[in-house]
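Student: Could you walk me through one part of this structure up close? I'd like to see how the pieces around it fit together.

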Amino acid sequence: MGGQVLQLQDVAVRRDGAALLRGIDWSVREDERWVVIGPNGAGKTTLLQVAASLLFPSEGSVEILGERLGQTDVFDLRPRIGLASAALSERIPPDEKVIDLVLTASYAILGRWTEEYDSHDVTRAVELIDQLGCAHLIRRRFGTLSEGERKRVQIARALMPDPELLLLDEPAAGLDVAGREDLVRRLGALARDPKSPTMVLVTHHVEEIPTGFTHVLLLRHGSVVDQGPIDAVMTQENLSATFGVPLHLDRGQEGRWYARPL
Ligand SMILES: Nc1ncnc2c1ncn2[C@@H]1O[C@H](COP(=O)(O)OP(=O)(O)OP(=O)(O)O)[C@@H](O)[C@H]1O
Ligand SMILES: [Mg+2]
């Protein structure tokens, strides 16, 4: 059992009178890999933003990597957290080269300026890009990449500063079936590596859960349906309640999950 990485107590997020999240109790330990599943609008991205210290809750308390939100300087905290999301992707300058995009992550800035990088950083960036299957893209400009290629490069970037917590918001969205399978396999390898950071992955699709993920949190209308160890929580009943439609849930021999309407 590792230390506590996330500790949310009775967290609510309200915007313009709407409760985006309410009554969220959630704790994530160092050696755990969590999947957050729920339908569109369930509050998954909102929850991830809280976990990334980008959004303060309206109610409740949040501890991230031992630091209490509201009592700590988030600018010290944020470099310890890797985040890959579509919203971040939109902020990347299209003419930024892939290698520079990953390298600049050590300095938590977007857009290469005049920093000098040491050779360790360059070696690490090249290794991460290769690990995500993007070695052939290293000199390309971000704006010329496909959706799937952008996702992978973003994950390499998120890993670059060696974060203690890695947050991935729908990493497989927009990928074709081969691209999705390849990414899920790579994320599985990352999840099973004890040297990897604590991971939280958001998705709509149980088919996108890599093996090696240990826990799941099911979210609907801003509230937790159920949460805990994946084998106990991933049931047909829970999944049907989460999505509001009767679903049949299967598990393949390799440990992957499959859902279809009943
Ligand atoms: N400023 C706001 N005022 C009112 N509602 C908002 C505001 N911002 C977001 N919401 C709503 O909060 C809900 C949760 O949004 P969130 O992006 O967290 O959902 P999600 O689970 O990530 O959905 P998706 O799967 O579509 O990405 C949505 O219904 C969204 O419309
Ligand atoms: Mg979302």
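**A close look at the sheets and their helices**

Tutor: Let's start with one small pairing: in strand β5, the residue E67 is the bridge partner of I64. Keep in mind that this is a predicted model. The strand on the other side of that pairing is β4, residues 59-64, and two bridges join β4 to β5, the two running antiparallel. Now zoom out a little. β4 and β5 belong to an open sheet of four strands, in the order β2-β1-β4-β5, and the pairing there is antiparallel. Who sits at the rim? β2 (18-29) and β5 (67-68) are the edge strands, each with a single partner, so each has one side left without a neighbour in the sheet. If you wonder what holds such neighbours together, strands of a sheet pair through backbone hydrogen bonds, either parallel or antiparallel.

Just before β4 there's a residue to click on: S53 lies in the loop between α1 (44-51) and β4. With a relative accessible area of 0%, S53 is buried, because anything under 20% counts that way. Leaving aside residues up to four places away in sequence, S53 touches I64, L69, V74, L77, R78 and I81. You've met I64 already, as the partner of E67. And I81 takes us onward, since β6 covers residues 81-84.

β6 is part of another open sheet, with six strands in the order β6-β7-β8-β3-β9-β10 and mixed pairing. Its edges are β6 and β10, each with a single partner strand, so again one side of each has no neighbour in the sheet. From one strand to the next, the twist averages 15°. For a parallel pair, look at β3 (residues 33-37) and β9, which are joined by four bridges. There, V36 has L217 of β9 as its bridge partner. Two helices pack on this sheet. One is α6, which touches β6 and β7 (165-169), its direction making about 170° with that of β6. The other is α9 (residues 236-243), which touches β3, β9 and β10 and whose direction makes about 35° with that of β9.

Let's stay with β9 for a moment. On its other flank, β9 (residues 215-220) pairs with β10 (residues 223-229) in the antiparallel sense, over six bridges. In that pairing, L218 stands opposite D226 of β10. The two strands form a hairpin with two residues between them, and H221 there has a positive phi near 50°. β9 is mostly covered, with five of its six residues buried.

The helix α9 has buried residues too: N238, L239, S240 and T242. What covers them includes β3, β9 and β10, along with α8 (230-233), β11 (247-251) and β12 (257-261). After α9 comes G244, which has a positive phi near 75°.

Now go back to α6, the helix that touches β6 and β7. α6 (residues 147-159) also packs against α7 (residues 177-192), with the axes 12 Å apart and an angle of about 15°. An angle under 35 degrees counts as roughly parallel, so that's how α6 and α7 lie relative to each other. Their crossing is right-handed. On the α6 side, the contact is made by R152, I155 and L159, while α7 brings G179, D182, L183, R186, L187 and L190. Sorted by class, that makes five nonpolar, one polar and three charged residues. The spacing of those numbers may catch your eye. An α-helix has 3.6 residues a turn, so residues three or four places apart point the same way.

One last stop is L88, which you'll find in helix α3 (residues 86-89). Is L88 buried, exposed or something in between? Its relative accessible area is 26%, so L88 is partly exposed. Not counting residues up to four places away in sequence, L88 touches L83 and Q154. Compare that with L159, one of the α6 residues in the contact with α7. The C-alpha atoms of L88 and L159 are separated by 14 Å, and the two residues are 71 apart along the chain.

Key. Residues numbered from 1 in each chain as written. Chains lettered and ligands numbered in written order. Predicted model: local features only at pLDDT ≥ 70, side-chain atom pairs only at ≥ 80, totals over all residues. Heavy atoms only, no water. Pairing = 2+ DSSP bridges. Axes fitted to C-alpha atoms, helices over the stretch in contact; angles between N-to-C directions. Parallel < 35°, antiparallel > 145°, perpendicular 65-115°, else oblique. Left-handed = near helix turned anticlockwise from the far one by under 90°. Contact = heavy atoms within 4.5 Å. Nonpolar A, V, L, I, M, F, W, Y, C, P; charged D, E, K, R; others polar. Buried < 20%, exposed > 50% of the residue type's maximum accessible area, 1.4 Å probe, protein only.
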